[in-house]
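The following exercises each set a task and then work through its solution in steps. Please consult the sequence and the structure alongside the text.

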Amino acid sequence: MKISVIGCGYLGAVHAATLASMGHTVVGIDTDADKVGHLARGFAPFFEPGLEDLLADGRDTGRLAFSTDMDLVADCDMHFLCVGTPQSKTSDVADLTYLEAASRSVAARAKAGAAVVGKSTVPVGTVRRVREWLGRDDLELAWNPEFLRQGTAVKDSLVPDRLVYGVDDADDDAGVGVGHRAVRILDEVYAPLLHAGVPRIVCNAATAELIKSAANAYLATKLSYINAMAELCDAAGADVTQLSAAMGLDPRIGQRYLAAGLGFGGGCLPKDIRSFRAQARDLAVDSVDAWMGLVDSINVGQRGRVAALAADLCGGSVAGRRIAVLGAAFKPDTDDIRDSPALDVAVRLAGAGAHVVVTDPKAINNAWMRYPQLQFESSAPAALEGAEIVLLLTEWPEFRALDPFETASRVRRQVIIDARNVLDGDAWRAAGWDLYGMGTGDAGLLSSVETHAG
Ligand SMILES: NC(=O)C1=CN([C@@H]2O[C@H](COP(=O)(O)OP(=O)(O)OC[C@H]3O[C@@H](n4cnc5c(N)ncnc54)[C@H](O)[C@@H]3O)[C@@H](O)[C@H]2O)C=CC1
Ligand SMILES: O=C(O)[C@H]1O[C@H](OP(=O)(O)OP(=O)(O)OC[C@H]2O[C@@H](n3ccc(=O)[nH]c3=O)[C@H](O)[C@@H]2O)[C@H](O)[C@@H](O)[C@@H]1O
């Protein structure tokens with residue numbers, strides 16, 4: 001099948017390359033000429049493990065092309081909309097202007113009978129608006145939300161947990177889905193995945209939109225839940241790492257998304273829970289509004305707690321102190337710094353007068369232009385040199401593997417906050433360090449640690 005992918009960011013570039021690897025002929029379109037230039041030459045414009053191999057395969061087979069020229073979509077059988085839906089600059093709602101522009105561009109060029117399928121994360125009710133923006137009855141429309149995670153995006157796309165198709169106006173008597181033309185087209189696109197047994201859920205558009213928002217809201221809830229437990233553990237002198245390990249052994253709870261620490265960031269979970277909150281407000285569902293508000297405030301509160309702990313450990317103020325920050329990306333295995341908890345803490349400390357030196361294996365280039373008030377070093381040893389306190393904020397493998405004795409030889413004071421609870425506390429303490437985790441009982445010993453309400 002000949003397919004266009006509109007928007008080639010973290011989601012679209014991976015999706016385009018995955019579709020080509022399944023045997024389709026794909027053209028990826030993006031308005032960002034620089035990004036397209038990289039992709040067209042077979043280079044990933046961002047760090048995503050496995051993506052460059054897939055791009056190279058696509059180039060070799062001649063099935064994968066990238067361009068800024070929207071006219072190239074004209075002879076495609078289907079179009080995937082993968083543009084960004086960021087948080088509005090002035091409120092919690094999702095900014096749908098990119099989606100509107102992309103929908104109108106496709107509608108102006110698509111051939112009759114083509115299918116337009118959205119993958120971007122959107123508020124419930126958006127599919128109806130896309131139908132209006134398309135302004136054509138001869139185009140099929142469906143929503144097929146994406147669940148990939150950055151860092152494992154290639155694997156998640158090639159072996160997804162499920163496929164969701166949201167379609168309206170079912171053209172048969174059996175109800176939504178069965179026999180719907182958009183469903184048949186999507187089944188053809190994803191034939192290798194369906195053949196491999198990936199479950200597919202066909203539902204109406206509103207349900208598909210909500211499945212995606214509800215899934216991200218649940219993950220965020222689980223994370224804020226365990227971070228609230230971490231605060232409780234600190235207050236009670238208990239250890240959240242043991243608590244979550246024990247809780248997670250119950251298969252009804254499970255171990256995943258129970259790692260307490262600095263909380264969640266990135267280009268998706270934070271903006272998606274805020275958009276979900278705004279949707280709940282619109283629909284007058286107060287419980288979801290309040291719930292998402294609490295999840296958000298617990299999450300953001302973790303950043304304040306770490307910054308306050310750093311100040312406590314510096315005797316009340318970080319002003320003039322040299323602080324080494326390990327991590328800039330919002331999580332390991334990505335160079336993405338969108339709403340990075342690590343950089344949020346670094347900026348708070350710099351704002352309080354600290355001399356903050358940040359290092360990260362992949363995200364330095366993205367971070368240094370955006371945050372000129374911070375100093376960046378390309379290696380951990382350089383960042384650690386002369387530090388009066390060390391903050392481990394993104395748990396890259398190279399930071400987890402730091403040797404406590406070697407690290408001690410570089411710093412001025414052996415004080416470390418392990419805000420991801422990944423270091424071997426006994427080993428670091430044996431090497432002479434004062435080590436503070438999140439919810440491991442140590443921070444509770446300090447006086448003025450901010451609470452999430454603060
Ligand atoms: N990043 C992720 O892991 C996932 C993202 N999503 C959702 O996918 C959507 C995209 O997210 P990302 O890829 O992270 O964003 P992104 O910002 O990395 O990529 C969006 C791309 O769309 C391009 N674009 C904007 N307007 C355009 C237009 N009119 N025509 C062509 N290209 C245009 C931008 O230049 C940019 O390259 C969002 O709704 C997000 O919530 C869903 C699942 C996973
Ligand atoms: O809609 C999206 O874009 C995607 O959002 C998340 O994926 P992603 O943002 O790539 O990152 P996650 O791996 O979910 O991590 C999110 C944040 O939670 C934090 N986290 C994760 C797990 C954990 O146990 N503890 C924890 O603090 C991470 O450090 C990170 O900051 C979802 O996991 C994907 O399913 C979804 O498709």
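**Exercise 1: Strand 4 and its neighbours**

Task: determine which way the side chains of strand 4 point, and which strands pair with strand 4.

Solution. Met78 and Phe80 point to one side of strand 4, His79 and Leu81 point the other way, and all are buried. A residue is buried if 20 or more other C-beta atoms lie within 10 Å of its own, exposed if 12 or fewer, and partly exposed in between, with C-beta atoms placed from the backbone. In a regular strand, side chains alternate between the two faces of the sheet.

The model is predicted: local features need pLDDT of at least 70, side-chain atom pairs count only at pLDDT 80 or more, and totals for chains, interfaces and linings use all residues. Residues are numbered from 1 along each chain as its sequence is written, while chains are lettered from A and ligands numbered from 1 in the order in which they are written.

Next, consider the pairing. Strand 1 and strand 4 run parallel and are joined by four bridges; Ser4 stands opposite His79. Strand 4 also pairs with strand 5 in the parallel sense, over four bridges, and Phe80 has Val117 of strand 5 as its bridge partner. Strands here are DSSP runs of E with at least two residues, helices are runs of H or I with at least four, and both are numbered from the N terminus. Two strands pair if DSSP finds at least two bridges between them.

**Exercise 2: The sheet and the helices on it**

Task: give the strand order of the eight-stranded sheet, identify its edges and place helix 4 and helix 5.

Solution. The sheet is open, its pairing is mixed, and its order is 3-2-1-4-5-6-7-8. Strand 3 (64–67) and strand 8 (200–203) are the edge strands, each pairing on one side only. On average, neighbouring strands of this sheet are turned by 20 degrees against each other, direction ignored. An antiparallel pair is formed by strand 6 (residues 140–143) and strand 7 (residues 163–167), over two bridges; here Ala142 has Val167 in strand 7 as its bridge partner.

The helices follow. Helix 4 packs on the sheet, where it touches strand 1 (2–6), strand 4 (78–81) and strand 5 (115–118), and its direction makes about 170 degrees with that of strand 4. Helix 5 (residues 126–134) lies across strand 5, strand 6 and strand 7, and runs at about 150 degrees to strand 6. Axes are lines fitted to C-alpha atoms, for helices over the stretch in contact, and angles run from 0 to 180 degrees between N-to-C directions. Two residues are in contact if their C-beta atoms, placed from the backbone, lie within 7 Å.

**Exercise 3: The domains**

Task: state the domain bounds and describe the contact between the domains.

Solution. Domain 1 covers 2–203 and domain 2 covers 218–445; these bounds come from an automatic or database domain assignment. The domain centres, taken over C-alpha atoms, are separated by 33 Å. Domain 1 gives 15 residues to the contact and domain 2 gives 16 residues. On the side of domain 1 that touches domain 2, nine residues are nonpolar, five polar and one charged. Ala, Val, Leu, Ile, Met, Phe, Trp, Tyr, Cys and Pro count as nonpolar, Asp, Glu, Lys and Arg as charged, and the others, Gly among them, as polar.

**Exercise 4: The two ligand shells**

Task: describe the residues around ligand 1 and ligand 2.

Solution. Ligand 1 has 27 residues around it, of which Gly7, Gly9, Leu11, Ser120 and Thr121 come nearest; a residue is near a molecule if its C-beta atom, placed from the backbone, lies within 6 Å of it. This shell holds 12 nonpolar, 11 polar and four charged residues. Helix 4 (residues 97–107) gives the most, with four residues.

Ligand 2 is surrounded by 21 residues, the closest being Ala259, Phe264, Gly266, Cys268 and Lys331. Its shell has 11 nonpolar, seven polar and three charged residues. Helix 9 (residues 205–236) supplies the largest share, three residues, and domain 1 and domain 2 each give at least three.

**Exercise 5: Ala205**

Task: why does Ala205 count as buried?

Solution. Ala205 is found in helix 9. Ala205 counts as buried because it has 25 C-beta neighbours inside 10 Å. Leaving aside neighbours within four places in sequence, Ala205 is in contact with Val127, Trp143, Gly166, Val167 and Asp168.
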